[in-house]
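Okay, hi everyone, thanks for letting me take today's slot. Let's look at a structure together and walk through its pockets, its cysteines, its rings and a few odd spots in the backbone.

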Amino acid sequence: MTAEQLISFARGAPSLDIIDVEGLKAAAVRAFETDPAGMTAYGTSVGYVPLRKWIAAKHGVSADQVIVTNGSLQADAFLFNHLVQPGDTVIVEKPTYDRTLLSLQGLGAKVHQVTLREDGIDTDELRALLESGVRPKLAHIIPNYQNPAGITLSEEKRRTLVALAVEFGFTIFEDDPYVDIRFRGDALPSMLSIDSDNVVVHASSFTKTVCPGVRVGYLVGPAALIDAIAKKATNLYISPGMVSEAIVHQFCLSGDIERSVQTVSTALAERASVLADSLRKHIPGAVFTEPDGGYFLWVDLPTDVDVDKLFPAAMKKGVAIVKGTDFLLEGGKSSVRLAFSAVTVDQIDEGVRRLAEAIDEVRA
């Protein structure tokens, strides 16, 4: 099976046809013309200072509350490494991002997964856990178009979570890289914007709105915490990539970021709709919730489908998926995550048809 024949629902990344290559080229030229000394130097561990200020203005915070990193995954790692010690309890959603689970397990954390409902994490289940005596250091929440489930956290639950964090003394890590890729509905307030007690640390990324290759993400949080992380970042790498951050800064300043978000959102809304229609047509036993934005759709297949068998069978058919078991401490044996971001509309139906064939084979 060649790369050209493979239809991949595995990677959560925009396809080349919806990346603003020309806009990025122009932004690169402007960056080198505007600030050649700043963007070619080491810089500081807090990131490219003009971009740091732009991000601070976007979130209505002071610049000393922002650190710009090499992608949001590194922002996650900085926060986890700073706050989580071996044996600390951490709350995550069920299911949650697979790399989050791997990172926390690698740090020796005690991870509790709390059920994800159609309106986000089950806050009643979380409260019961807290009232039972569990005292988390951190709760990792992906509020918008969650990876892998595509679920959006309701405004009511956002406020409840912040109140619980204040009451029980834990930090909410609002991991929010998909927030701008909205297909329908109104934008909801971030937990960062609701927080008046410094219990929320927010992360986001330009990977999903500009392109994955820039590797630019960031953290927003209390100034003291950001300063402590910046000191550790200095020892790790002196500074993140100034060239890419300066290019992103120019891309944002020009307004190209808004056009890029619109292009990506429009394309992915169509792809998500086509994917849902194809699943209904080819895999009528599939259960899923159509996302209101983002990159992912979570599918519960009939219980007699074992994803450990389905994965290699699908690959032989030329379709890549991610097993649901990757996102859970237990369970997910009949679930898959499908990313619709990197597949074009004309590939989706064929990809789902191949997946349906693979499902029939493993059920036989």
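Before the pockets, one term: a pocket here is an open set of grid points with protein on both sides within 12 Å along at least five of seven lines. And keep in mind that this is a predicted model.

So, how big is the largest pocket in volume? About 560 Å³. Its lining is made of 23 residues, and the ones nearest the centre are Arg 11, Gly 12, Tyr 97, Arg 99 and Lys 208. If you want to find the walls on the screen, look for helices α4, residues 72-83, and α5, residues 98-106, since each of them supplies at least two lining residues. The largest share comes from α4, with 3 residues. By class, that lining splits into 10 nonpolar, 5 polar and 8 charged residues.

Now the second largest pocket, with a volume of about 340 Å³. This one is lined by 23 residues, and closest to its centre you'll find Asn 144, Asp 176, Val 179, Ala 187 and Leu 188. Two or more lining residues come from each of α3 (49-59), α8 (191-194) and β8 (200-205). Here the classes come out as 7 nonpolar, 8 polar and 8 charged.

Okay, cysteines. How many disulfides does a search of the whole structure find? The count is 0. Why is Cys 211 not bonded to another cysteine? Its sulfur is 12 Å from the closest cysteine sulfur, the one in Cys 252, and that is too far for a bond. For scale, the cut-off for a disulfide is two sulfur atoms within 2.5 Å. Seen from the other side, Cys 252 is in no disulfide either, with the sulfur of Cys 211 being the nearest at 12 Å. Are these two buried or exposed? Cys 211 has 12% relative accessibility, so it counts as buried, and Cys 252 is buried too, at 4%.

Next up, rings. A pair of aromatic rings is described by how far apart the centres are and by the angle between the planes. This structure holds 9 aromatic pairs, and I'll show you two of them.

Take Phe 80 and Phe 173: the ring centres are 5.7 Å apart and the planes sit at 90°, so we call the pair edge-to-face. What I like is that this pair links distant parts of the chain, with Phe 80 in helix α4 and Phe 173 in strand β7 (residues 171-175), 93 residues apart. Remember α4 from the largest pocket, where it gave 3 residues to the lining. Phe 80 is buried at 1% relative accessibility, and Phe 173 is buried at 0%.

Then there's Trp 298 with Phe 327, where the centres are 5.9 Å apart and the planes are at 75°, so that's edge-to-face as well. Trp 298 is in strand β11 (residues 296-300), while Phe 327 is in the loop between β13 (322-323) and β14 (335-339), 29 residues apart. Both of these residues are buried.

There's also an aromatic cluster, made by Trp 54, Phe 206 and Tyr 218.

And rings can have a charge over them. Lys 208, which we met among the residues nearest the centre of the largest pocket, lies over the face of Tyr 295, at 5.2 Å from the ring centre. Likewise, Lys 323 lies over the face of Phe 311, at 5.9 Å.

Last stop, the backbone. Which residues does a cis peptide bond join? One joins Lys 94 and Pro 95, with omega about 10°, and Pro 95 is in the loop between β3 (89-94) and α5. Another runs from Asn 147 to Pro 148, with omega near 25°. You'll find Pro 148 in the loop between β6 (138-141) and α7 (155-168).

Stay in that loop for a second, since Tyr 145 is also placed between β6 and α7. Its phi is near 55°, a positive value in a residue that isn't glycine. Tyr 145 counts as buried, at 5% relative accessibility.

Ile 238 also has a positive phi, near 65°, and it belongs to the loop between α9 (223-237) and α10 (242-253). Ile 238, though, counts as partly exposed, at 42%.

That's my tour, thanks for listening!

Definitions and conventions: Residues are numbered from 1 along each chain as its sequence is written. This is a predicted model: local features need pLDDT of at least 70, side-chain atom pairs count only at pLDDT 80 or more; totals for chains, interfaces and linings use all residues. Side-chain values use heavy atoms; hydrogens and water are left out. On a 1 Å grid over the protein atoms alone, a cavity is a set of points where a 1.4 Å probe fits but cannot get out, and a pocket is an open set with protein on both sides within 12 Å along at least five of seven lines; lining residues have an atom within 4 Å of a point. Grid points are joined across faces, edges and corners, and a volume is the space filled by probe spheres set on the points. Helices (H or I, at least four residues) and strands (E, at least two) are DSSP runs, numbered from the N terminus. Ala, Val, Leu, Ile, Met, Phe, Trp, Tyr, Cys and Pro count as nonpolar, Asp, Glu, Lys and Arg as charged, and the others, Gly among them, as polar. Buried means under 20% relative accessible area, exposed over 50%, partly exposed in between (1.4 Å probe, protein chains only). Rings of Phe, Tyr and Trp (its six-membered ring) pair if their centres lie within 6.5 Å; planes under 30 degrees apart count as stacked, over 60 as edge-to-face and the rest as tilted. A charge sits over a ring if NZ of Lys or CZ of Arg is within 6 Å of the ring centre and within 35 degrees of the ring normal.
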